[in-house]
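Take a look at the chain below. This report walks through its parts, one group at a time.

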Amino acid sequence: MSRRSGVLEFAVLGLLHDAPMHGYELRKRLNVLLGSFRAFSYGTLYPCLKNLVAQGFLVEDNPDSEYVPATALNGKRSKIVYRLSPEGKERFEELLAESGPDAWEDEHFGVHFAFFGRTDKAVRMRVLEGRRSRLEERLERMRSSIARTRERFDDYTLELQRHGLESVEREVRWLNELIETERANRNVRGGPQSGPPQTSDGRGQEAGSLDPPRPPHDRPGRS
């Protein structure tokens, strides 16, 4: 399974853990939750859904009705509703518990963070600390690169590199605050809580929210 399809599987199972949905509604929520995947098409989502059904993780309600786009004539859609099976719930719990290097990468971290409200505190800490470690390594490489290439690039290219460096530095500061909060057993508004309640593309807030907060480098302007 590719990294992207693994992220999509996790996101689909997590959103359907809240409530069953038809594909149209699920796609809208995924486009918000995953951020960098806003260009999702039905050609991407539906093979994933069919695969999850084939694995026994999802169940289709009304499976005999094909999806019919709304038109001026019919004014409605025939919908297949997807819901988690018991096996799908177990699979989602397995994915929630993962805290290794994949969970620290940009795409995976955003989705893990979106579901932090249901994630065990020890797992949250490992993911946050791993993400911070990964970004600190990235910072070191970026600083070294800027120092080596300073004389070879014009001012605009150097400014672009500095902008990228500042973005990563802001996310590291944001992660430091989150880690301090976790250690102090305080709650973040709409984010991590003790017990069962995302990249720079990390998202916060309750899973499935349509307006998740972003790490600092995703916000307009500079610190």
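## Terms and overview

Helices and strands here are DSSP runs, numbered from the N terminus; a helix has at least four residues and a strand at least two. The model is predicted.

The protein chain has 7 helices and 3 strands. From the N terminus on, the order of elements is α-β-α-α-β-β-α-α-α-α. The chain holds 223 residues, and 43% of them are buried. Its accessible surface comes to about 11900 Å². Carbon and sulfur atoms account for 50% of that surface.

## How the strands pair

Start with strand 3, residues 81–84. Strand 2 pairs with strand 3 in the antiparallel sense, over 4 bridges. Strand 1 also pairs with strand 3 in the antiparallel sense, over 2 bridges.

Which residues stand opposite each other? Leucine 58 faces leucine 84 of strand 3. Valine 59 stands opposite arginine 83 in strand 3. On the side of strand 1, methionine 21 is placed opposite tyrosine 82 in strand 3.

## Two faces of a strand

In a regular strand, side chains alternate between the two faces of the sheet. Strand 2 covers residues 58–61 and shows this alternation. Leu58 and Glu60 point to one face and are buried. Val59 and Asp61 point to the other face and are not buried.

Strand 3 also has two faces. Its covered face holds Tyr82 and Leu84. Its uncovered face holds Val81 and Arg83.

## Histidine 22

Histidine 22 lies in strand 1, which spans residues 21–22. Is histidine 22 buried or exposed? Its relative accessible area is 18%, so it counts as buried. The cut-off for buried is under 20%.

What does histidine 22 touch, leaving aside residues up to four places away in sequence? The contacts are Lys79, Ile80 and Val81. Val81 is also on the uncovered face of strand 3.

## An enclosed helix

Helix 5 runs over residues 106–114. Of its 9 residues, 7 are buried, so the helix is largely enclosed by the rest of the structure. The buried residues include two histidines, His108 and His112. Phe109 and Phe113 are buried as well. Gly110, Val111 and Ala114 complete the list.

## Helix 6 and helix 7

Helix 6 covers residues 121–149, 29 residues in total. From its first C-alpha to its last, helix 6 reaches 42 Å, close to the 42 Å expected at 1.5 Å a residue. At its start, a side-chain oxygen of aspartate 120 comes to within 3.0 Å of the backbone nitrogen of alanine 122.

Helix 7 covers residues 155–183 and has 29 residues. Its reach is 42 Å from first C-alpha to last, close to the expected 42 Å. Aspartate 154 sits at the start of helix 7, where one of its side-chain oxygens reaches to within 3.1 Å of the backbone nitrogen of tyrosine 156. After helix 7 comes asparagine 185, with a positive phi near 60°.

## A buried glutamate

Where is glutamate 171? It belongs to helix 7. Glutamate 171 has 2% relative accessibility, so it counts as buried.

Leucine 135 is 36 residues away from glutamate 171 along the chain. In space, the C-alpha atoms of these two residues are separated by 8.2 Å.

Terms used
Residues numbered from 1 in each chain as written. Predicted model: local features only at pLDDT ≥ 70, side-chain atom pairs only at ≥ 80, totals over all residues. Heavy atoms only, no water. Buried < 20%, exposed > 50% of the residue type's maximum accessible area, 1.4 Å probe, protein only. Pairing = 2+ DSSP bridges. Expected span 1.5 Å × (residues − 1). Polar contact = N/O pair within 3.5 Å; in protein donor to acceptor, adjacent residues only side chain to side chain. Areas by Shrake-Rupley, 256 points an atom, 1.4 Å probe, with all protein chains shown as cover. Contact = heavy atoms within 4.5 Å.
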